[in-house]
Amino acid sequence: MASLQSVKEGGFLTATLDLTLPFEAGKWNLESGVAFDLSHRGILTITPPKVSALTKDIIISAGVHGDETGPIELVQEMAQSLLQGKLVPAHRLLLIIGHPQAINAHTRFIDENMNRLFAERNDETNIDRINANQLQYAVDDFYQESPLLTLQHDQVLPDRWHLDLHCAIRDSVHYTFAVSPYSEKSTRSGALFSFLQQADIEAILLSSAPSPTFSWYSAENYGAQGLTMELGKVARLGENDLIRLAPFSDVMQQLVCCETLPVSWDDSATSVYRVTRSLAKKSDDFSFTFPSNQANFTFFEHGKLLAQDCGVEYYSLEGGEAVVFPNPNVAIGQRACLLVQQTDVIFGEQVTIAK
Ligand SMILES: O=C(O)CCC(=O)N[C@@H](CCC(=O)O)C(=O)O
Ligand SMILES: [Zn+2]
């Protein structure tokens, strides 16, 4: 079946991954008034039948890492329901399946980690860089060409969100968690944290420095409520336990289809961590003192030797630290792990760390 027809019938993922067929762009409407614009492979903009000052601009992306397939299945499920008219969105949506070549190859990336390519426009010397640029342009177009911009008064920007869905390589003390990228902009709203709690996300990590990730790109450049969502553990396409992700999937659907969600916060229901340090790999000598499959959020008491790199030793800080995303095999210069400590937050229109 031609790829555009396949998307119209709900096969967004299948058409995105079929690289034997040339890409065919298209725009169409459903009787409900929902409008679709397939502008590039894996990039689908959906406009609701009517917009108001309460309408959000929401990006939901998956497949930035090709082997993280549970989230890709969630995006396909949502796309299918919208394309077949079973769900009617209340907000503008950009659905993205980010890296078809890596998904087809069942690998995290082809030549280099695409989720480290969002700090700037890239020289297009490999497919990861070409795709990262394509995603940057798609985000730019979606936010900059929003009809919602004309509905806002006093230079207030539309309410922008970006959920970049991933899953973890290793086991984790918290099966689901979110990473909130660092930005000087107001990108940690009470509504965002309330959404995470309603969706049963177990923990939230507050980054303390800019990162070259996709969700950071939207937060930093567009003030979006951006998150990297870690949803379970990697498995092959079709072999994911989506039941465990059902609370998240349900509330994500409500986010898309309800004009507003109730906002509330219970300090005891979600663990919040602040990133104390990001350890960068400086040489091939880098090693951890624990196994490479150590679970995310494993806690180390103060003074424990965690890693060494060319004679420099890294010990856990006062109060102890937990390790997240430990990976000694990253490219030199890249993050080998995050170290985090639990923190209290003050909940309000924006969420801040309690000093
Ligand atoms: O499990 C792992 O080690 C990696 C899972 C993953 O891809 N995580 C993201 C987090 C991005 C962020 O810090 O916002 C990544 O490493 O790109
Ligand atoms: Zn990932």
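Which residues of helix 7 are buried? Here are some notes that answer this and take you around the rest of the model, which is a predicted one.

1. Let's start with helix 7. The buried residues here are Phe214, Ser215, Trp216, Tyr217, Ser218, Ala219, Glu220 and Tyr222. That makes eight of the nine residues in the run 214–222, so helix 7 is largely enclosed by the rest of the structure. As for what they pack against, the buried residues of helix 7 meet strand 4, helix 5 (127–144), strand 6 and strand 9 (225–233). Just after the helix comes Gly223, with a positive phi near 65°.

2. Helix 3 is another one to look at. It has 15 residues, and from its first C-alpha to its last it reaches 21 Å, close to the 21 Å expected at 1.5 Å a residue. Helix 3 is mostly covered too, with 12 of its 15 residues buried. Among them are Thr69, Gly70 and Pro71 at one end of the list, and Ala79, Leu82 and Leu83 at the other. A glycine follows here as well: Gly85 comes after helix 3, and its phi is positive, near 75°.

3. Now for the annotated site. The unreviewed UniProt entry has a "binding site" annotation covering His65, Glu68 and His166. They are spread over 102 residues of sequence, yet they cluster in space, with a largest C-alpha distance of 7.3 Å.

4. Take His65 from that set. You'll find His65 in the loop between strand 4 (56–62) and helix 3 (69–83). Is His65 buried or exposed? It counts as buried because 23 other C-beta atoms lie within 10 Å, and the cut-off for that is 20 or more. Leaving out residues up to four places away in sequence, His65 touches Ala102, Arg108, Phe109, Asn115 and His166.

5. His166 belongs to strand 6 (residues 159–168). His166 is buried, with 24 other C-beta atoms within 10 Å. Its contacts, again not counting residues up to four places away in sequence, are Val64, His65, Glu68, Pro71, Thr228, Met229 and Glu230. So both of the other annotated residues, His65 and Glu68, are on the contact list of His166.

6. Next, ligand 1. There are 14 residues around ligand 1, and Asn115, Ala168, Ile169, Thr228 and Phe325 come nearest. Two of these names may ring a bell: Asn115 is one of the residues that His65 touches, and Thr228 is one of those touched by His166. Sorted by class, the shell around ligand 1 has five nonpolar, eight polar and one charged residues.

7. Zooming out, the domain assignment gives domain 1 (3–257) and domain 2 (276–340). Their C-alpha centres lie 29 Å apart. Where the two domains meet, 10 residues of domain 1 are in contact with nine residues of domain 2. On the domain 1 side, the touching residues are four nonpolar, two polar and four charged.

8. One last stop is Asp267, in the loop between helix 8 (246–257) and strand 10 (271–280). Why does Asp267 count as exposed? Because it has 12 other C-beta atoms within 10 Å, and exposed here means 12 or fewer. The C-alpha atoms of Asp267 and Leu163 are separated by 22 Å, and the two residues are 104 residues apart along the chain.

Terms used
Residues numbered from 1 in each chain as written. Chains lettered and ligands numbered in written order. Predicted model: local features only at pLDDT ≥ 70, side-chain atom pairs only at ≥ 80, totals over all residues. UniProt positions renumbered as here; feature names shortened; annotations may be inferred. Helix = DSSP H or I, 4+ residues; strand = E, 2+ residues; numbered from the N terminus. Contact = placed C-beta atoms within 7 Å. Near = placed C-beta within 6 Å. Nonpolar A, V, L, I, M, F, W, Y, C, P; charged D, E, K, R; others polar. Domains from an automatic or database assignment. Expected span 1.5 Å × (residues − 1).
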